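Please look at the structure below. The paragraphs after it go through the surroundings of the ligand and then the metal site.

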Amino acid sequence: MEELKMWLNFPVVASFAIVLWLAATGLFLFSASKLLNRLAAGLSVTGTVALLVFVIMLWISIDRPPMRTLGETRLWYAIFLSGIGLISYFRWKYKWLVCYSLTLAVMFLSVNLNHPETYDKTLMPALQSPWFVPHVIVYIFAYALLGASSLVAIRILFVKQSGKAISGPVSMADNLVYLGFSFLTLGLLFGALWAKEAWGHYWTWDPKETWAFITWMFYLVYIHYRFRNPLAHNKAMMILAASFVILLICWFGVNYLPSAQNSVHIYTE
Amino acid sequence: MSNENSRKTWAHPWSYREGTIVTVAILLLGFALQAAGGGMVLRFSGFPWNLISGIVFLGILVSCYLWLKKHRAVKWLGSVKAALPAILGFTFLVLLMGFVKQDVVHQNSLVRIFGLSHLVQTWPFILINLYLMVLLGIVTLKRLTPFTLRNFGFFLNHFGLFLVLFSTALGSSDVQTLNMNCYENKSEWRASDRRGNIVELPLAIKLLDFSIEEFRPKVTIVDNKTGKILMDKNRQSFELLDRDTFDLFEYHLEVDTFLATSGKVGESYFAVNEPGSSPSAMVKVTNSLNGTVISGWICSGSFVLQPEALKLNETYSLVMLPAEPKKFSSEVSVLTNDGTSRIVMIEVNKPFRINGWTIYQLSYNEEMGRWSDMSVLQFVRDPWLPAVYSGIFLMMAGAVFLFIFGKPKNGGVENVA
Ligand code: HEM
């Protein structure tokens, strides 16, 4: 129990991860040595694992999946984002992507440090379902992949301005979108099946559902545009960057929209 | 690209430009029809007319494709140049729904005349859906051959979506949603629809027992004068009474006794288990700033019991909030027309299916809380559900396909007609 308490000290774990990730980013950026890059990868893996352990401990201690509040979803996002950055580094050796994702993950953790969470242990009956965990995990994983793809897009738009050739990164954006989009689709459909079980209808155009659908449509536009106009990189990347804005509205913004009062999907702050 | 710019609109081959014109025309026509009808809500006819029109639609679509597939307009209908503007047009409508609150009465006359507050049941929405179904239908037929792995994945995604759109559109009018108020130990077979009409069901329900499992209640601190809960952005305003000691702001609480259901006799509470009894706790509160100690009972109250707060000082009191439900369920006996009866449990997230009906646990008498002797059940019948689910499962398989095989290897260029 005492050990659990120590692990549940969020400021300590979060600062630990932040320091490791920042150090790793620095090493990735300023060193070409193979050894130092390995060290950087090791540091960031440690940070991610520490955070993952924290979330699992939290899950055990509050006796419900920690996926109910915005702050909790930010924790998962930080884990997945750093994880995806690392995987793509091991797979394709894209240093800049791992740096961007780590920085973004650091940002999410810092937001959480400034807004300490209140871990409410109660969970309304409608959310107590075997669908809850897959639905949320799949969604956040999709968000993280699509977020990474938008980072790639923004990077390409900037590099393009400096006149360098691009093409590898574009296909990387495609890969991330295809992966992220398949998860997004699954999240949407899991949500529909769950809603049918819980409320009797699979789709009610609740504001969160509506915005999730809009997000899905934007990535659908990207996929089709890329398919038909494979050489128009610039426009495709602009679509991708815009899609991310929609995704952010869906995730955070919906809470503040007038159309969304009383939605079951609102994360509690 | 250059000859695309010099090409006259409507001269073949059609492109995004024609796609945009067609989509915008459909939207404008839809809004015009909606306004002409005074913003009326549309309802599709129920069985058998929906089934007949569905079959007619499919017949026309398939035969048009078979006879005219070489026609340049049909080729265009099966291309991204028609699809993209259509998807964007649909997105536009959904964006409207994202900003205008749906299913409520709006004062704004523009919102009313164009039906923006119930877009799903308006002409523009229905026409765009129809157009998307035509496009999806044609592109599905076009990519049925040759039968390759890539085309199979294509089929899963596009036909899956087609099936979902098709069956939800046609099936919406056959969905029946009825609410039934059941009282303990009484048989009930009448339920009411959304408009309050009474409908007699072919089965009877007898509520044997309604029960609620609750979380432990939460405690919090309120301002004596305003009654407002003490808030601090950096600290937790509530604590669940599930431990013996904890801290709330600068107060240290020790729980001496906790009674899940209790009644009050004189100044104290005792464990009883009868309607209207409520959780209560004897607590000792130490102010960690000045060391003063106060102890006493707190109680969250019920429809028979007054809530009881513990006054900590001139400004603040400790209160116990009503317990939140963890799970509520109805044990019912279901009697069908053929005389068979069975006993089942219906719970949130665990509906019960019988003879085409799905029975959901919806609500209860909230004023009476855990002592409610009434349970609201919801009956839903949706005969088109198997078709919708088939579409959903096809799309799930399609998503898994995209996950495994990803983007077309050649980047798509070679597939473009
Ligand atoms: C909203 C209605 C949709 C329309 C009208 C539509 C239409 C089209 C069209 C015309 C093409 C080009 C096919 C060709 O030229 O041979 C295409 C390709 C594609 N579509 Fe869609 N589509 C829709 C929805 C979807 C959905 C829901 C998904 C995925 C879940 C999807 C995924 C794809 C993919 C991955 C391609 C690339 C082609 C390939 O895989 O071979 N589309 N779509």
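In this predicted model, 24 residues surround the ligand, and the nearest of them are His224(A), Lys142(B), Arg143(B), Arg150(B) and His158(B). The site is shared between chains, because the residues around the ligand come from both A and B. Sorted by class, the shell consists of 15 nonpolar, six polar and three charged residues.

Some of these residues place polar side-chain atoms close to polar atoms of the ligand. For Arg150(B), a polar side-chain atom is 3.2 Å from a ligand oxygen atom. The side chain of His224(A) has an N or O atom 2.6 Å from a nitrogen atom of the ligand, and for His158(B) the corresponding distance to a ligand nitrogen atom is 2.7 Å. Two or more residues of the shell come from each of these elements: helix H7 (168-199) and H8 in chain A, and helix H5 (80-99), helix H7 (123-142) and H8 in chain B.

Which residues coordinate the iron atom of the ligand? They are His224(A) and His158(B), each through its NE2 atom, at 1.9 Å. His224(A) belongs to helix H8 (residues 207-228) of chain A and His158(B) to helix H8 (residues 149-171) of chain B, so the pair joins two chains.

The iron atom has six donor atoms around it, and the angles they subtend run from 87 to 180 degrees, which makes the arrangement octahedral. For comparison, the ideal angles for six octahedral donors are 90 or 180 degrees.

Are the two histidines buried or exposed? His224(A) counts as buried because its relative accessibility is 16%, under the 20% cut-off. His158(B), at 16% relative accessibility, also counts as buried.

Key: Residues are numbered from 1 along each chain as its sequence is written. Chains are lettered from A and ligands numbered from 1 in the order in which they are written. This is a predicted model: local features need pLDDT of at least 70, side-chain atom pairs count only at pLDDT 80 or more; totals for chains, interfaces and linings use all residues. Side-chain values use heavy atoms; hydrogens and water are left out. Donors are N, O and S atoms within 2.8 Å of the metal (3.2 Å for Na, K and Ca); water is not among the atoms, so sites may look incomplete. Four donors count as tetrahedral if all angles lie between 85 and 135 degrees; four count as square planar and six as octahedral if opposite donors are over 155 degrees apart and all others between 65 and 115; anything else is irregular. Helices (H or I, at least four residues) and strands (E, at least two) are DSSP runs, numbered from the N terminus. Buried means under 20% relative accessible area, exposed over 50%, partly exposed in between (1.4 Å probe, protein chains only). A residue is near a molecule or strand if one of its heavy atoms lies within 4 Å of it. A polar contact is a pair of N or O atoms within 3.5 Å; within protein, one must be able to donate a hydrogen and the other to accept it, and residues adjacent in sequence count only if both atoms are side-chain atoms. Ala, Val, Leu, Ile, Met, Phe, Trp, Tyr, Cys and Pro count as nonpolar, Asp, Glu, Lys and Arg as charged, and the others, Gly among them, as polar.
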